[in-house]
Amino acid sequence: MRPLHARYPFFRSAREAVEEAEVDLVNVVTSEPAVVERALERIEGALEDADVGETHRRTRVELLSYPVARVIVSLVDEHLLTRKYAFAEARTAHDRFAYDLEQSVELRSVQRQQLTQDLLLAEFDLAEAVRETPDGYAVNVGTYLALAADKRNPEWRLVNRPVRDGEVSIQRSELLALVAQAVKQRVSEGLPLAVPAVIGDELTDECARVRAALADLDLMRDIDTVVPELFPPCMRALLDQVQKGEHLAHHSRFAIASFLTSIGMTTDEIVDLFEVNPGFGEEATRYQVDHIRGETSPTAYSTPSCATMQSYGDCVNMDDLCETIAHPMAYYEKKLDDADEDELTDWREQQTTNS
Ligand code: SF4
């Protein structure tokens, strides 16, 4: 087992090293508490900081903590956990290989056992699909699409990219971001694993600890992220109309204002988001939003359900996800859950960056 394996435990050579050492996971979880603790640290770090933490000083502990973490993630078997865990492994790996590749050859050979870009690309079968160009790199379009599919930022869309002779031009930092996607796919592969009962029994307490951390996360996660691209189609359509200055019926204004209030926007922010609508008028908007919020009325109102939206004709442009939910808030919650957190930009952050 080499330090490189501990640093990149999802490499094929790392898995082979574990197999060659004939490691018995039952023995590991029963008699190597440091490995189990480091595995938990990986998972808790993933939930709290989107990072799996610093490497353990002992190569064996660090390397084995990865398969044990995958086992615990499989036993808990929650979609949100699996997604966050894979994301954190990929993000940490990205930081590590970006750092390792920057080091001088001399340092690398001593400390990191020669991680090279060629090795990294070969590890993810990308060597044939990527070539260096005078301006950066060119990636085979099929490979690019497979790796950039989850990326939400419009700059990753193929239409916004120079494509020539079946190749997409990218910069080095983007190449590393695509390799991180490959890491995420590899970490997620096969999860949840089928775990023998004898291992599951040994890890009961650890699974309970992860479930508790997950529950805390859910409680903290009031929906307070404003990402208009992920709004349900009905709310996107209403927001669009508001911003174009079109007249909205009372029930429609109520629907969009109550939705924006429910996702945590303040009255000032809603007024800013509505911006240009002369028909709405700032004062009227403030009054209505404060009323919905319950500040100028005895009750705080909640967003209408899909059934109510439909009865008023406000349910438009339904998509596949709409078929599976009964409330616009559930739609938005699901979209946020499924989104890659690194790719989410809160509308409020954008306002700060643009100002
Ligand atoms: S089904 Fe619900 S979430 Fe979807 S567009 Fe209609 S009202 Fe909105």
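This report describes a predicted protein model, moving from its overall make-up to the surroundings of its ligand and then to one residue, Glu 174.

## Overall make-up

The secondary structure of the predicted protein amounts to 19 helices and four strands. Of the 355 residues in the protein, 47% are buried, while the area that the protein exposes comes to about 18,100 Å², with carbon and sulfur atoms supplying 48% of that area.

Among the contacts in the protein with a separation of 6 or more, 72% are accounted for by residues 24 or more positions apart.

## Surroundings of the ligand

The ligand is surrounded by Pro 232, Cys 234, Cys 306, Met 309, Cys 315, Val 316, Met 318, Cys 322, Ile 325 and Pro 328. When the residues of this shell are divided by class, 10 are nonpolar, and there are no polar and no charged residues around the ligand.

## Glu 174 in helix H10

Glu 174 belongs to helix H10, which covers residues 172-188. Is this residue, Glu 174, buried or exposed? Its relative accessible area is 15%, and because buried means under 20% relative accessible area, Glu 174 counts as buried.

The side chain of Glu 174 reaches the backbone nitrogen of Gln 171 at 2.8 Å. If residues up to four places away in sequence are not counted, Glu 174 touches Trp 156 and Arg 161, so that the picture of this buried residue combines a place in helix H10 with a polar contact to Gln 171.

How values were computed: Residues are numbered from 1 along each chain as its sequence is written. This is a predicted model: local features need pLDDT of at least 70, side-chain atom pairs count only at pLDDT 80 or more; totals for chains, interfaces and linings use all residues. Side-chain values use heavy atoms; hydrogens and water are left out. A residue is near a molecule or strand if one of its heavy atoms lies within 4 Å of it. Ala, Val, Leu, Ile, Met, Phe, Trp, Tyr, Cys and Pro count as nonpolar, Asp, Glu, Lys and Arg as charged, and the others, Gly among them, as polar. Helices (H or I, at least four residues) and strands (E, at least two) are DSSP runs, numbered from the N terminus. Buried means under 20% relative accessible area, exposed over 50%, partly exposed in between (1.4 Å probe, protein chains only). Contact means heavy atoms within 4.5 Å. Accessible areas come from the Shrake-Rupley method with a 1.4 Å probe; for residues, only the protein chains shown count as cover. A polar contact is a pair of N or O atoms within 3.5 Å; within protein, one must be able to donate a hydrogen and the other to accept it, and residues adjacent in sequence count only if both atoms are side-chain atoms.
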